[in-house]
Amino acid sequence: PASYGDRSLQLHFQCADDADNVYDAETVQETDLCHYEIFLKSTFGCPKSCWGQNLQLCSAHGVCGYDSDDKRAKCFCNPGYEGELC
């Protein structure tokens, strides 16, 4: 029998404002022979410093981003909202 080498699987968690995404039928990509990758979009791929009420990013009143001055992820609030989680 032919030898194909080791198999591998990589999970990529991508930040998205979607706490309700249930991983039940995700697409698996074979990027190379016997190398598989799954891309999962969810709030759980975001920095915890941006999790607001009901796991919505920045309480649904801002955008999670990286503050290069503070060297950390944080919420950038929409006009009319303020605080750590907007």
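The following paragraphs go through a predicted model, from its overall make-up to single residues.

The protein has 86 residues, and 23% of them are buried. Its secondary structure consists of 5 strands and 0 helices, so that the order of elements from the N terminus is β-β-β-β-β. The accessible surface amounts to about 6300 Å², and carbon and sulfur atoms account for 49% of that area. Of the contacts between residues at least 6 apart in sequence, 50% link residues at least 24 apart.

Confidence comes next. The mean pLDDT of the protein is 86, and 87% of the residues reach at least 70. Among the elements, strand E5 has the highest mean pLDDT, 96, and strand E2 the lowest, 85. Where pLDDT is low, the predicted coordinates should not be read in detail.

The interior can be approached through its nonpolar core. The largest such core has 6 residues, namely Cys-46, Cys-50, Leu-57, Cys-58, Cys-75 and Cys-86. Nonpolar side chains in soluble globular proteins tend to be buried together. Cys-58, a member of this core, has contacts with Cys-50, Gly-52, Val-63, Cys-64, Cys-75, Leu-85 and Cys-86 when residues up to four places away in sequence are left out.

The next residue along the chain is Ser-59, in the loop between E3 and strand E4, which covers 62-67. Ser-59 is buried, because its relative accessible area of 10% falls under the 20% limit. Its phi is near 55°, a positive value in a residue that is not glycine. Beyond its neighbours within four places in sequence, Ser-59 contacts Gly-52, Gln-53, Leu-85 and Cys-86. Gly-52, Leu-85 and Cys-86 are also among the contacts of Cys-58. A further reference point for Ser-59 is Asp-17: the two residues are 42 apart along the chain, and their C-alpha atoms are separated by 9.9 Å.

A positive phi, of about 65°, is also found at Cys-34, which is likewise not a glycine. Cys-34 sits in the loop that joins strand E2 (28-32) to strand E3 (35-42). With a relative accessible area of 6%, Cys-34 counts as buried.

Strand E3 itself contains Leu-40. The relative accessible area of Leu-40 is 7%, so this residue is buried. Between Leu-40 and Cys-15 there are 8.6 Å from C-alpha to C-alpha, although the two are 25 residues apart in sequence.

A leucine with the opposite exposure is Leu-9, in strand E1, which spans residues 8-15. Leu-9 counts as exposed because its relative accessibility is 53%, which is over the 50% limit. Together with Leu-11 and Phe-13, Leu-9 makes a nonpolar surface patch of about 310 Å².

Charged side chains remain to be placed. Side chains of opposite charge can pair when their charged atoms come close. The structure has 2 salt bridges. In one of them, the side chains of Asp-67 and Lys-74 meet at 3.0 Å, N to O. Asp-67 is buried, since its relative accessible area is 10%.

The other salt bridge joins the side chains of Glu-84 and Arg-72, with an N to O distance of 3.8 Å. Arg-72 belongs to strand E5 (72-77) and Glu-84 to the segment after that strand, so this pair ties together parts that lie 12 residues apart in sequence. Which of the two partners is exposed, and which is partly exposed? Glu-84 is exposed, because its relative accessibility is 55%. Arg-72, with a relative accessible area of 31%, is partly exposed.

Terms used: Residues are numbered from 1 along each chain as its sequence is written. This is a predicted model: local features need pLDDT of at least 70, side-chain atom pairs count only at pLDDT 80 or more; totals for chains, interfaces and linings use all residues. Side-chain values use heavy atoms; hydrogens and water are left out. Patches are made of residues with over 30% relative accessible area and no salt bridge: like charges are joined within 9 Å, nonpolar side chains (Val, Leu, Ile, Met, Phe, Trp, Tyr) within 5 Å. Accessible areas come from the Shrake-Rupley method with a 1.4 Å probe; for residues, only the protein chains shown count as cover. A salt bridge is a side-chain nitrogen of Lys or Arg within 4 Å of a carboxyl oxygen of Asp or Glu. Helices (H or I, at least four residues) and strands (E, at least two) are DSSP runs, numbered from the N terminus. Buried means under 20% relative accessible area, exposed over 50%, partly exposed in between (1.4 Å probe, protein chains only). Contact means heavy atoms within 4.5 Å. A nonpolar core is a set of buried Ala, Val, Leu, Ile, Met, Phe, Trp, Tyr and Cys residues joined through side-chain atoms within 4.5 Å. pLDDT is the predictor's confidence in each residue, from 0 to 100.
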